[in-house]
Amino acid sequence: MKKTLVAASVAGMLGVAAPAFAVGTGGTFSVDEGVITGTPSNIVTADSFDFSYEATIDQTIVGDFDFVGDTFIETGTFELSSYKDGIDTQQTSLNGFEPAGYGLIGDFTATGTAGITGVNITALFDTFLMNLYIDDDQDGVGDTLLGTASLVPGEGVAHIFDGLANGDFEAVMAFTPTAFGETYFFDPNPFYIQLNYAGNTTTITGASTEESFVADVDGSGNGFFTNAVPEPASLALLGIGLLGLAFSSRRRT
């Protein structure tokens, strides 16, 4: 993710087509919203979720932008907007009106190296650590940890292209639910062991290909669970049609 974001401000120099938004569906899973205090009992069955994110990238560029010493650290937050079963949005209390509504939010830290490859910018993740929380009162603060995720070695990459979408990213992570998370993500049992987290970079501010920088980025994406490492080529491509999801899940008042 970090790497994708790194190059967005100079994407116009690269002269290539806009990327498609990589969307996939994984194994079917069920959540029990009734385990959340104040939320009515409701079983939701889905095979993916949509999310929006914001992040800050601290990129070091040493000499040529060629991965050698060109390290970054990215820290950010994300918010789930909906659960999906195929293309259908499921009815849930997620982001609903209080007191029954609740949020699902998270934070992440990623590190790696980035560089220019041909006419594109490629980023390779070395680490990607994520925490997923229930936000009981939708105040943007995680109240109960649902699970953690960490990068499967060699399964994280991002790109920068020119176009309406400024880049794409994908990370496959090992997912570990907490004891409470196993009551929310209750089926299958045991739950899936991997999380695929992918999407588009929408905007990036403050990036450079000439010198080290700190940049702010945002975008949207799609996640799903599986017990096997998915092949990137097998992901369906929806293009830019879902970019408007970026902040559709903001808390309603």
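Contact here means heavy atoms within 4.5 Å. With that in hand, take Phe-185 in this predicted model: setting aside neighbours within four places in sequence, Phe-185 is in contact with Phe-29, Ser-30, Val-31, Tyr-83, Leu-132, Leu-146, Phe-175, Phe-191 and Phe-225.

That list leads straight to the core. Phe-185 is among the residues with the most contacts inside the largest nonpolar core, along with Tyr-83, Phe-128, Tyr-184 and Tyr-197. The core has 50 residues, and strand β8, covering residues 120-135, gives the most to it, with seven residues. As a general matter, nonpolar side chains tend to be buried together in soluble globular proteins.

Tyr-197 is a handy way into the strands, since it turns up again as the bridge partner of Ala-171, with Tyr-197 sitting in β12. Strand β12 runs over residues 194-205 and is mostly covered, with nine of its 12 residues buried. On one pairing, β12 meets β10 (residues 167-177): the two run antiparallel and are joined by eight bridges. On another, β12 pairs with β13 (residues 213-226), again in the antiparallel sense, over 11 bridges. If you'd like a spot to check in that second pairing, look at Thr-203, whose bridge partner in β13 is Asp-218.

Now for the loops. Glu-33 is found between β2 (29-32) and β3 (43-46). Is Glu-33 buried or exposed? Glu-33 counts as buried because its relative accessible area is 0%, and the cut-off for buried is under 20%. Its side chain makes a polar contact with the side chain of Tyr-102, at 2.7 Å. Beyond neighbours within four places in sequence, Glu-33 is in contact with Tyr-102 and with several others, including Thr-39, Pro-40, Ser-93, Leu-94 and Tyr-184. Tyr-184 is one of the residues with the most contacts inside the largest core.

Thr-39 also helps to place another loop residue, Gly-96, which lies between β6 (88-89) and β7 (103-117). Gly-96 and Thr-39 are 57 residues apart in sequence, yet their C-alpha atoms are 9.9 Å apart in space. Gly-96 is buried too, because its relative accessible area is 10%.

Finally, a word on confidence. The chain has a mean pLDDT of 83, and 78% of its residues reach 70 or more. Residues 1-22 have pLDDT below 50, though this stretch has 105 contacts in the model beyond near neighbours in sequence. Over residues 232-253 pLDDT also stays under 50, and there the model has 57 contacts beyond four places in sequence.

Terms used
Residues are numbered from 1 along each chain as its sequence is written. This is a predicted model: local features need pLDDT of at least 70, side-chain atom pairs count only at pLDDT 80 or more; totals for chains, interfaces and linings use all residues. Side-chain values use heavy atoms; hydrogens and water are left out. pLDDT is the predictor's confidence in each residue, from 0 to 100. Buried means under 20% relative accessible area, exposed over 50%, partly exposed in between (1.4 Å probe, protein chains only). Helices (H or I, at least four residues) and strands (E, at least two) are DSSP runs, numbered from the N terminus. Two strands pair if DSSP finds at least two bridges between them. A polar contact is a pair of N or O atoms within 3.5 Å; within protein, one must be able to donate a hydrogen and the other to accept it, and residues adjacent in sequence count only if both atoms are side-chain atoms. A nonpolar core is a set of buried Ala, Val, Leu, Ile, Met, Phe, Trp, Tyr and Cys residues joined through side-chain atoms within 4.5 Å.
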